[in-house]
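Dear colleague,

I am passing on the structure below, and I would be glad if you kept it open while you read the notes that follow.

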Amino acid sequence: MNYISDILYWISTGLLVPVIILLIVLFGRALLLIGSFFGQYLSVRKTEALLKTEFDQLTADNVATLADRLPSTLNKSLVVQYIQQMLQHKDSEPHLQKLLADFDIAAAKDLATSKTLSKMGPMLGLMGTLIPMGPALVGLAAGDIGSMAYNMQVAFATTVVGLFSAAIGFITGQVKSRWYQHYSVNLQFLADLLC
C-alpha cells in the first residue's frame, strides 16, 4: 500500500510545475482578453447604436438599400460583415440559413477563450492549491516551518491566479454572449425580411 501511495505522491508533486506554467499562461491570456475585450466593447457601442436605428426602421421595402446605409467604417464588425453577405444572397434562403449558422459558429469561436478561462482557471487553481499542501503538511510534521510557509504561499498564489483568470473569462463571456444573442436576433430578422 505504501508503494501505491508513494507513486500517487510523486505523480501529484510532478504535476505542480506544469500546473503553475499553465496558470501563468492563463493569466497572460486573461490580460490579453481584457485588452481585446475593451477594443471590442468600443466597436460594439458604435455598431450597436447604428444598427438599432437601422433595424428599428427596417421594412421589406427598404431592406434592399441597407448595405448602402451602413458606413464603411463598420466593415470590420463581424455582424456588419454577415449583414452584407446576407444582402448579397437575399434571393437564396439556403444561403441565408447557412450564413446564420456560420455566424453562430463564429460567435462560439470568439467565446471559446472566455469559456476556457472560466472553466480551466478554477481547476488549475485548485490543483495548484492541493498539490503543495502535501509537502506543507510534511514540513509541519517535521517542524520545518520554512518549508511549510513556502508551500502554503504557492498554494494561495495559484488559487488567486486561477480565480482571477476565471473571473475575467466569466465576465467577458457573459457580456459577449449577450452581444451575440442580440446580433443573432437582428440577423434572423433580416433573413425573415429577405425571404
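A nonpolar core, as the term is used here, is a set of buried Ala, Val, Leu, Ile, Met, Phe, Trp, Tyr and Cys residues joined through side-chain atoms within 4.5 Å. Please bear in mind throughout that the model is a predicted one.

The largest nonpolar core has 28 residues, and the members that touch the most other members are Val79, Ile83, Met86, Leu187 and Leu190. Two or more residues of this core come from each of α2, α4, α5 and α6, with α6 giving the most, at 8 residues. Leu190, one of the residues just named, touches Phe55, Leu58, Val63, Leu66, Ile83, Met86 and Leu87 when residues up to four places away in sequence are not counted. Another core lies apart from this one; it has 11 residues, including Leu16, Leu23, Leu33 and Val154.

Helix α2 (16-56) deserves a paragraph to itself. Its buried residues are Leu16, Val19, Leu23, Leu26, Ala30, Leu33, Phe37, Val44, Thr47, Leu51, Glu54 and Phe55, a list in which the polar Thr47 and the charged Glu54 appear beside nonpolar side chains. The buried residues of α2 pack against α1 (2-14), α3 (66-69), α4, α5 and α6. As a point of background, an α-helix has 3.6 residues a turn, so residues three or four places apart point the same way.

Helix α6, which spans residues 145-194, holds two residues that I looked at individually. The first topic is Thr172, which lies in α6 and counts as buried because its relative accessibility is 4%, where the cut-off for buried is under 20%. The side chain of Thr172 makes a polar contact with the side chain of Ser114, at 2.8 Å, and a polar atom of the Thr172 side chain also lies 2.8 Å from the backbone oxygen of Ile168. Leaving out residues up to four places away in sequence, Thr172 touches Leu33, Phe37 and Ser114; of these, Leu33 and Phe37 are among the buried residues of α2.

Phe164 also lies in helix α6, but this residue counts as partly exposed, because its relative accessibility is 31%. Beyond its neighbours within four places in sequence, Phe164 is in contact with Phe27, Ala30, Leu31 and Ile34. The C-alpha atoms of Phe164 and Leu31 are separated by 10.0 Å, although the two residues are 133 residues apart along the chain.

A comparable pairing involves Asp61, which is found in the loop between α2 and α3 and is exposed, with a relative accessible area of 75%. Asp61 and Leu193 are 132 residues apart along the chain, while their C-alpha atoms are separated by 9.1 Å.

Finally, there is the matter of open space. The largest pocket holds about 240 Å³, and of the 13 residues that line it, Gln40, Lys76, Ser77, Leu78 and Tyr180 are the closest to its centre. At least two residues of the lining come from each of α2, α4 (78-88), α5 (93-142) and α6, and the largest share, 4 residues, is supplied by α2. By type, the lining of the largest pocket divides into 7 nonpolar, 4 polar and 2 charged residues.

With kind regards

Methods:
Residues numbered from 1 in each chain as written. Predicted model: local features only at pLDDT ≥ 70, side-chain atom pairs only at ≥ 80, totals over all residues. Heavy atoms only, no water. Buried < 20%, exposed > 50% of the residue type's maximum accessible area, 1.4 Å probe, protein only. Polar contact = N/O pair within 3.5 Å; in protein donor to acceptor, adjacent residues only side chain to side chain. Contact = heavy atoms within 4.5 Å. 1 Å grid on protein atoms, 1.4 Å probe; cavity = no way out; pocket = protein on both sides within 12 Å on 5 of 7 lines; lining within 4 Å. Points joined across faces, edges and corners; volume = space filled by probe spheres on them.
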